[in-house]
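Colleague: Could you take me through this model?
Modeller: Certainly; please have the sequence and the structure open.

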Amino acid sequence: MVVLDQNVPCFRFFEELAAIPHGSHNEKAVSDWLVRFAQTRGLYVRQDPCGNVIIKMPATPGCERAEPVMLQAHMDMVCAKNENVAHDFATDPLMLYVEDGWLKARGTTLGADDGCGVAMILSILDRPELRHPRLECVLTTAEETGMDGARALDYSQLEARRMICLDATGENVILTASAGGCGIEITKPLRRFEGGGAGLRISVNGLAGGHSGMYIAAGRGNAIKLLARCLLYLKQACGEYQLISINGGVKDNAIPCSAYADILCSNAAGFKRALTDIAAAIRAEFQPVEAELRIEAADTMCGGRPVERADAEELLTLIRLLPDGVSVMSRTISGLPQLSDNVGHLTIEEDHAKIELSVRSAITSEMAELIERISLTAAVCGAKAVAGTPYPPISYLPESAFRERYAQIMERFWGVKPVYLSIHAGAEAGYFAEHLPGLEIVTLGPFMENVHSPQEKLNLASFQKCEKFLVQVLECLSGG
């Protein structure tokens, strides 16, 4: 059933895209769809082994002297659904519906990030009557799970040094800088022995959590770090205990909002009283930011053998010593974190524990120095840290003729000035900036809410407004 007005080009292409499964690492069908789109219109198209697609369109007659413009978006979406929703993201189309002017999907993510960008690009390429410079349209894969497509892209195919990134939201918000980043995995070997005692589960819950690129400077608590603090305090206050397991967080770039540890001890009542004391102190420290924070001890049946005391102490010491949060604030942009890390995920197996961290920085050398410190801290505690492949930042350009021209066009047609945004999160455009010297970037996208969740929704009036504005921008940049 058709849901959207097919006379609006971006609506039509978004609905077509929504019918094709396109979760991260499942983009083959949508990548092939994009290739067919270009071929049927006689446009240059190139598809690489990662599924990235580059489509080129000649300038409108009379606009050949205008500098080329790159339009960029990513074709994958985050796949999340509500409990008890029978939807297979590998095979099923999204079930779209409109409510009060907002487009939604029934029980699942909508993929407005970045289906909007893909649809706007196709809406331009589908209308030969539009006036525009030579266009280079780049649609990448696996952005949501590590920017794999942008990392593998052959940038020698691209000549444009003016880029409109359509992976954005907020209409008049222009991204001017972003952080680079890197994931780190720390592995700590563990030995086990035969132990015994009363079982207790020590838990930290109710923290706000959130994306570490957005909220690392918000003063929020880290459940993994707080749990290790409590466990070391209990040893000081009550004596030895035996660690069975410890887990917390969900991913390296999310501030952990919960964590727990199972222990065996000889004096459960005493441990509970001591935990009450440290819990009260921590809650006082984090008010009012963490009003729902709970630190509790509950009796439990502990299965498995305890970790050797020396290994357990090294593990907890490691967690306590690892840097976490903002290390340096920006020296050029007020209020923006420049260097940070997040201790995001902790798991334990029979013979080892694993800690996953996310490091971010606007300056590559500072990020490398922090990674080195983390590695040295791990080594001192009998663990090994391995850094992943870093992604690059977008460095702030104090002067950009393209950005200024774009701002003038926005004021002319919308009557508003752009809002310039520098973020402490990663952006796919960083790879483009790294590989294409002199690249100037602006961003455009409609209003959307609850992105990456089943409550995601897209404002349709804003979507259509952005498409029309993109047409106006390209016309103004065509030299006419």
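**Helices, sheets and unusual bonds**

Modeller: Helices H3 and H12 are oblique to each other, a word for angles that are not under 35 degrees (roughly parallel), over 145 (roughly antiparallel) or 65 to 115 (roughly perpendicular). H3 covers residues 112-125 and H12 residues 460-476; they pack at about 45°, with axes 10 Å apart. Axes are lines fitted to C-alpha atoms, for helices over the stretch in contact, and angles run from 0 to 180 degrees between N-to-C directions. Helices (H or I, at least four residues) and strands (E, at least two) are DSSP runs numbered from the N terminus.

Colleague: What should I know about the source?
Modeller: This is a predicted model, in which local features need pLDDT of at least 70 and side-chain atom pairs count only at pLDDT 80 or more, while totals for chains, interfaces and linings use all residues. Residues are numbered from 1 along each chain as its sequence is written, and side-chain values use heavy atoms, with hydrogens and water left out.

Colleague: Back to H3 and H12: is the crossing left-handed or right-handed?
Modeller: H3 passes H12 in a right-handed crossing; that is, the near helix is turned clockwise from the far one by less than a right angle, whereas anticlockwise would be left-handed.

Colleague: And which residues meet there?
Modeller: From H3 come Cys-116, Ala-119, Met-120, Ser-123 and Ile-124; in H12 they meet Phe-463, Cys-466, Glu-467, Leu-470, Val-471 and Leu-474. Contact means heavy atoms within 4.5 Å. By class, 9 of the residues in this contact are nonpolar, 1 is polar and 1 is charged. Ala, Val, Leu, Ile, Met, Phe, Trp, Tyr, Cys and Pro count as nonpolar, Asp, Glu, Lys and Arg as charged, and the others, Gly among them, as polar.

Colleague: What lies under H12 on the sheet side?
Modeller: H12 lies across strands E4, E5 (102-105) and E23, running at about 55° to E23. These strands belong to an open sheet of 4 strands, ordered E4-E5-E23-E22, with antiparallel pairing. Its edge strands, each paired on one side only, are E4 (96-99) and E22 (448-449). E22 and E23 (residues 457-459) share 2 bridges, and Met-448 stands opposite Leu-458 in E23. Two strands pair if DSSP finds at least two bridges between them.

Colleague: Phe-463 came up earlier. Which aromatic partner does Phe-463 have?
Modeller: A search of the whole structure finds 7 aromatic pairs. In one of them, Phe-463 pairs with Phe-11, tilted, at 5.7 Å centre to centre and 40° between the planes. This pair links distant parts of the chain: Phe-11 is in helix H1 (residues 9-18) and Phe-463 in H12, 452 residues apart. Rings of Phe, Tyr and Trp (its six-membered ring) pair if their centres lie within 6.5 Å; planes under 30 degrees apart count as stacked, over 60 as edge-to-face and the rest as tilted.

Colleague: How does H1 sit against H2?
Modeller: Their axes come within 11 Å and cross at roughly 140°, so H1 and H2 are oblique to each other. Phe-13, Glu-16 and Leu-17 in H1 meet Val-30, Trp-33 and Phe-37 in H2. That contact has 5 nonpolar residues, no polar ones and 1 charged one. In the loop between H1 and H2 is His-25, which has a positive phi of about 70° although it is not a glycine.

Colleague: Changing topic, what is the order of the sheet of 6 strands?
Modeller: The order of this open sheet is E1-E2-E6-E3-E7-E21, and the pairing is mixed. E1 (44-47) and E21 (440-443) are the edge strands, and the twist averages 20° from one strand to the next. E2 (residues 53-57) and E6 (residues 135-140) run antiparallel, joined by 5 bridges. Helix H2 (residues 28-40) packs on this sheet, touching E1, E2 and E6, and its direction makes about 160° with that of E1. Helix H10 (residues 401-414) lies across E7 (162-165) and E21, at about 30° to E21.

Colleague: Last one: where are the cis peptide bonds you would point out?
Modeller: One runs from Asp-113 to Asp-114, with omega near 5°, and Asp-114 is in H3. Another joins Gln-287 and Pro-288, with omega about 0°; Pro-288 lies in the loop between helix H7 (268-286) and strand E15.
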